[in-house]
Amino acid sequence: MNQIGIGIVGGGYMGKAHSVAFASVGAVFETRLKPRLAAIAASSPASAERYAQGFGFARAAQDWRDLVSDPAVDAVVIASPQNTHLQIAEAALALGKPVLCEKPMGLDASEARAMVAAAKSAGVANMVAYNYIRTPASQYVRHLLSEGALGRITGFRCVHEEDFHIAQKTPAWRCEGEANGCLGDLAPHPINAALALMGPIAELNAVMETVYPDRNGIPVTNDDQVQMMVRFESGVVGHIHASRVATGRKMGYGYEITGTEGAIRFDQEDQNAIWFYRKDDPDGQKGFRKILTGPDHPDYLPFCQGAGHGTGYQDQIIIEAHDFLTAIDTGQAVWPTFEAGLEVHQVIAAARASDATRTWQAPSDF
């Protein structure tokens, strides 16, 4: 058994999710590398101590610097606010420690590019934590696309719609700063999905909108939703939409892909199924059919031997932890690396420029 000390920066929503994932991934996937919860850092030593006791870490670090420099920490997971990602990643990578960073990588494309450079210089495993694309269902969709199951792709639509920003108690920090707006915070997920499913985006035309300029007395100075028409390098034209004010939607991450031989629909609120249409089915049987995920689909069997029993949100984080351990153990990059994270930031930058100038923009220019 080869143990690896895991240090996690951040103990909130995602910090807890990563803590649970690394505490259980060794047993779920029977990994060769067995994670040990070595240290956790938070916004204060007192918070770190509370998280350490609650999540089972060996110790509470005084701050992220204390955690990164700890010899017992072999790999670092960054689950703190975006404005801290670059500094923590550079420090960890300078010590040759692999890094798993929550999305998006930093505040903007320049920070993401700096993180890519640091990772290349260190030559160690690096990943960005895009978990929704890791569901067994979406992994299976990627497999179907690689096999050409839909024929020539003719259309793509991806959305991520939630309604958390219309709640009565909106945190003030969500109302200001580009990184905290919809394009910076929520849109990275459908952008990542689009890149994973369809490949690089050649150009885009985006419109951003602030639907609620005032949230219960708090002025909103960033965007509530964004629409993008995109043209992929393959020539396919598609659409990406993200909204944090989509009334009634709680986890409205979904996509539709149309091809000459079939079509696929997926909705994260029903994450254990895809809807699949085959053009060549007999006339009396034509229609979308629901395929439930099961042991025959990627990364499902380690969780359950029964088809249709399903996986959940926390399981996606465990799959992510497994991928990170695999990258460290094998020395082979596992997608999405920091370079893939930079691609998302380039799309975000292009979308901002497009909205400002009302013109088509190429992500590669950013």
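The paragraphs below walk through a predicted model, going from its parallel sheet to its antiparallel strands, its nonpolar cores and a few individual residues.

A good place to begin is the open sheet of six strands, whose order is β3-β2-β1-β4-β5-β6 and whose pairing is parallel. Its edges are formed by β3 (59-60) and β6 (126-129), each of which pairs on one side only. The partner of β6 is strand β5 (residues 99-102), and four bridges in the parallel sense hold this pairing; within it, Glu102 stands opposite Ala129 of β6. Helix α1 (residues 13-28) packs on this sheet, where it touches β1 (2-9), β2 (33-41), β4 (75-78), β5 and β6, and its direction makes about 155° with that of β2. Helix α2 (residues 45-55) also meets β2, lying across β2 and β3 and running at about 150° to β2.

Just beyond helix α1, in the loop between α1 and β2, the reader will find Phe29. Although 274 residues separate Phe29 from Phe303 in sequence, the two C-alpha atoms are 8.2 Å apart in space. Leaving aside neighbours within four places in sequence, Phe29 is in contact with Phe303 and also with Asp299, Pro302, Ile318, Ile319 and His322. Phe29 counts as buried because its relative accessibility is 14%, which is under the 20% limit.

The antiparallel strands come later in the chain. Strand β14 (residues 262-267) is joined to strand β15 (residues 273-278) by four bridges, and the two run antiparallel. The connection between β14 and β15 is a hairpin of five residues, and across the pair Arg265 has Trp275 of β15 as its bridge partner. Strand β15 is in turn joined to strand β16 (residues 289-292), again antiparallel and again through four bridges, with Phe276 standing opposite Arg289 of β16.

Helix α6 (residues 136-146) connects this region with other elements through its buried residues, which are Pro136, Ala137, Ser138, Tyr140, Val141, Leu144 and Leu145. These residues pack against β14 and β15, and also against β7 (153-161), α8 (188-198), β13 (252-259) and α9 (313-330). After α6 comes Gly148, which has a positive phi, near 75°.

Which residues touch the most other members of the largest nonpolar core? They are Met228, Ile257 and Phe338, in a core that holds 76 residues. Apart from this core lies another, of 33 residues, including Ala52, Ala75, Met127 and Ile318. In soluble globular proteins, nonpolar side chains tend to be buried together. Phe338 itself, not counting residues up to four places away in sequence, touches Leu93, Val99, Cys101, Met105, Met115, Val116, Ala119, Asn126, Met127 and Val128.

Helix α5 (residues 109-122) contains Glu111, which is an acidic residue worth inspecting for its surroundings. With a relative accessible area of 16%, Glu111 is buried, and a polar atom of its side chain lies 3.0 Å from the backbone nitrogen of Leu107. Beyond four places in sequence, Glu111 is in contact with Gln82, Leu86 and Gly106. Leu301, by contrast, is 190 residues from Glu111 in sequence and 38 Å from it in space, C-alpha to C-alpha.

Another polar residue, Asn222, is placed in the loop between β10 (218-219) and β11 (225-232). Asn222 counts as buried because its relative accessibility is 5%. The side chain of Asn222 makes a polar contact of 2.7 Å with the side chain of Arg244, and among the other residues that Asn222 touches are Arg174, Cys175, Glu176, Gly177, Asn180, Gly181 and Thr210.

That list leads to the cysteines. How many disulfides does a search of the whole structure find? It finds zero. Cys158 is in no disulfide, and the nearest cysteine sulfur, that of Cys182, is 12 Å away; Cys158 is also buried, at 0% relative accessibility. Why does Cys175 form no bond with the cysteine whose sulfur is closest? The closest sulfur, in Cys182, is 13 Å from that of Cys175 and therefore too far for a bond, since a disulfide needs the two sulfur atoms within 2.5 Å. Cys175 is likewise buried, with a relative accessible area of 1%.

How values were computed: Residues numbered from 1 in each chain as written. Predicted model: local features only at pLDDT ≥ 70, side-chain atom pairs only at ≥ 80, totals over all residues. Heavy atoms only, no water. Core = buried A, V, L, I, M, F, W, Y, C linked by side-chain atoms within 4.5 Å. Buried < 20%, exposed > 50% of the residue type's maximum accessible area, 1.4 Å probe, protein only. Contact = heavy atoms within 4.5 Å. Pairing = 2+ DSSP bridges. Axes fitted to C-alpha atoms, helices over the stretch in contact; angles between N-to-C directions. Polar contact = N/O pair within 3.5 Å; in protein donor to acceptor, adjacent residues only side chain to side chain.
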